[in-house]
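This report describes the structure shown below, with attention to its sheets, one disulfide, one pocket, its aromatic contacts and some backbone details. The sequence and the model should be kept at hand while reading.

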Amino acid sequence: LLGSQMFESYVVDVVYANNTTMVAFTDGKILKVTGTGGGGHNMFAVTESVSGFETVPGYNYRIGDAKFNHKISCLKFINNFTFICLTDGKLLKVNGTGGSGHNMFAVTEYINHFDTVQNYNYRVGDAKFMGAVEGMEYIAGYLFVWFDNGKMLKINGLGGGGQDIFAVFETVQGFSSMSGYSYFSGDIKFSGNVLTVKSIGGYLFIGFDNGKMLKINGTGGSGHNMFAVNESVNSFTGISGYNYYVGDEYIAGARITAIEKVNGYIIIGIILPAGGAAIKIISVGGTAHNMFAIQQSGNSFSTVQGYSYYKGDASFISGVTGITFFHATMFIEFSNGLLLKIYNDGGTAHNMFAVNMTQTSFDNISPYTYYVGEQYFL
């Protein structure tokens, strides 16, 4: 243990950029510290109030902070720009990581936009949408932005500046470009909300809160319905004459929260009504409906006879909310506060991580050695 910190509200995102750490919270605050702060309790050496943070005398980890009028839904740092997403539909784009002191981004917030504080130039621009931005990914020169109302927007590069940084008109069904601008590349409106987007092996994998997964060639196309798919209750089909659609998958009652590349596999994390699961797929799976050729039995999965995409699965009493892989280690996050650490990608077949889960801990199953450790957070 190097250090710890207790805040007044939940952490939404943590971003490390330009030798600073930025922490965003559900109460609309953002804190920026030098490097990764210090050690011990109160590792950032700050005191917190309703409006922001102050430096504890004698320390200098805190660089600055900001307080917005609405909750933060996501915080992203892409190509030296910081994007701050708010639950009222506003999106703020800032040069680098902003400045210092209180109101470190030097903006004045209004109902539908932001203005730059005179004599500062951290703000690049902003936009206001009908729904909240829930996530962003920059893939092959395009910025994919998804919202809590089923919409997804594809932008050339990272957009521009000023008000309405993407230069788009929005309707209930989608977006269209403003005349004279070329930031808009395409859009689509799904029946469910996008929860995760991952580019793996030349394909775009999209996971939804209604149990569906969609696999697209490259980054899809342009215009409305940029992936050229028709959507039904449990599946997608490609539109004739287009080749963006590759395949789809449906898991009944699931929320697809994570799609992660781990070694030569895809690991899928899901939340189910009675817990959660992780599924391991060889390479990038197959095509058409049931592209992973898996069949479901409660929280457990198995392969469809005659196919070999399925490699293993694990069922849990709590939902999987995130998966991160680095340094030959997989970290699996759960909705009940548990964090599981697995060596590499685990094993095969059922219970591929060889652990038994309780509400507060895991037990390793001997003689397997996939389990490394765990942490339970209240």
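## Sheets, contacts and backbone

Within strand S26, Gly 223 is the bridge partner of Gly 186. The structure is a predicted model, in which local features require pLDDT of at least 70 and side-chain atom pairs count only at pLDDT 80 or more, whereas totals for chains, interfaces and linings use all residues. Residues are numbered from 1 along each chain as its sequence is written, and side-chain values rest on heavy atoms, with hydrogens and water left out.

Strands are DSSP runs of E with at least two residues, numbered from the N terminus; two of them pair if DSSP finds at least two bridges between them. The link from S22 to S26 (residues 223-224) consists of 2 bridges, and these two strands run parallel. On S22, a second set of contacts comes from strand S18 (residues 151-156), which pairs with S22 in the antiparallel sense over 5 bridges. In this pairing Asp 187 of S22 is the bridge partner of Leu 153, and Lys 189 of S22 is that of Lys 151. These strands belong to an open sheet of 5 strands with mixed pairing, in the order S16-S17-S18-S22-S26. Its edges are formed by strand S16 (133-139) and S26, each of which pairs on one side only. Strand S22 (residues 184-189) is mostly covered, since 5 of its 6 residues are buried; buried denotes under 20% relative accessible area, exposed over 50%, and partly exposed the range in between, for a 1.4 Å probe and protein chains only.

Another open sheet, also of 5 strands and mixed in its pairing, has the order S2-S3-S4-S8-S12. Strands S2 (11-17) and S12 (101-102) stand at its edges with a single partner strand each, so one side of each lacks a neighbour in the sheet. Strand S2 is joined by 6 bridges to strand S3 (residues 20-25), and the two run antiparallel. One bridge partner pair in this arrangement is Val 14 with Val 23, the latter in S3.

A disulfide is here a pair of cysteine sulfur atoms within 2.5 Å, and a search of the whole structure finds 1. It joins Cys 74 to Cys 85, with an S to S distance of 2.4 Å. Cys 74 lies in strand S9 (residues 72-78) and Cys 85 in strand S10 (residues 81-86), so the bond ties together parts 11 residues apart in sequence. The torsion about the S-S bond is about -55 degrees, and the disulfide is therefore left-handed. Both ends are buried: the relative accessible area of Cys 74 is 2%, and that of Cys 85 is 0%.

Strands S2, S9 and S16 each supply at least two residues of the lining of the second largest pocket. A pocket is an open set of points on a 1 Å grid over the protein atoms alone where a 1.4 Å probe fits, with protein on both sides within 12 Å along at least five of seven lines; lining residues have an atom within 4 Å of a point. The space in this pocket is about 240 Å³, where the volume is that filled by probe spheres set on the points, joined across faces, edges and corners. Among the lining residues are Asp 13, Val 14, Tyr 16, Leu 75, Phe 77, Met 136 and Tyr 138. By class the lining holds 8 nonpolar, no polar and 3 charged residues, with Ala, Val, Leu, Ile, Met, Phe, Trp, Tyr, Cys and Pro taken as nonpolar, Asp, Glu, Lys and Arg as charged, and the others, Gly among them, as polar.

Rings of Phe, Tyr and Trp (its six-membered ring) pair if their centres lie within 6.5 Å; planes under 30 degrees apart are stacked, over 60 edge-to-face, and the rest tilted. The count by this rule comes to 25 aromatic pairs. One of them, Phe 326 with Phe 331, is stacked at 5.5 Å centre to centre and 25 degrees between the planes. Phe 326 is partly exposed, at 41% relative accessible area. Phe 7, Phe 25, Phe 44 and Phe 53 form one aromatic cluster.

Two residues with positive phi, neither of them a glycine, are listed below.

| Residue | Phi | Location | Relative accessible area |
|---|---|---|---|
| Asn 18 | near 50 degrees | loop between S2 and S3 | 48%, partly exposed |
| Ala 328 | about 55 degrees | loop between S36 (320-326) and S37 (329-334) | 32%, partly exposed |

A cis peptide bond, with omega about 5 degrees, joins Ser 366 and Pro 367. Pro 367 is found in the loop between strand S40 (362-364) and strand S41 (371-376).

Definitions and conventions. Helix = DSSP H or I, 4+ residues; strand = E, 2+ residues; numbered from the N terminus.
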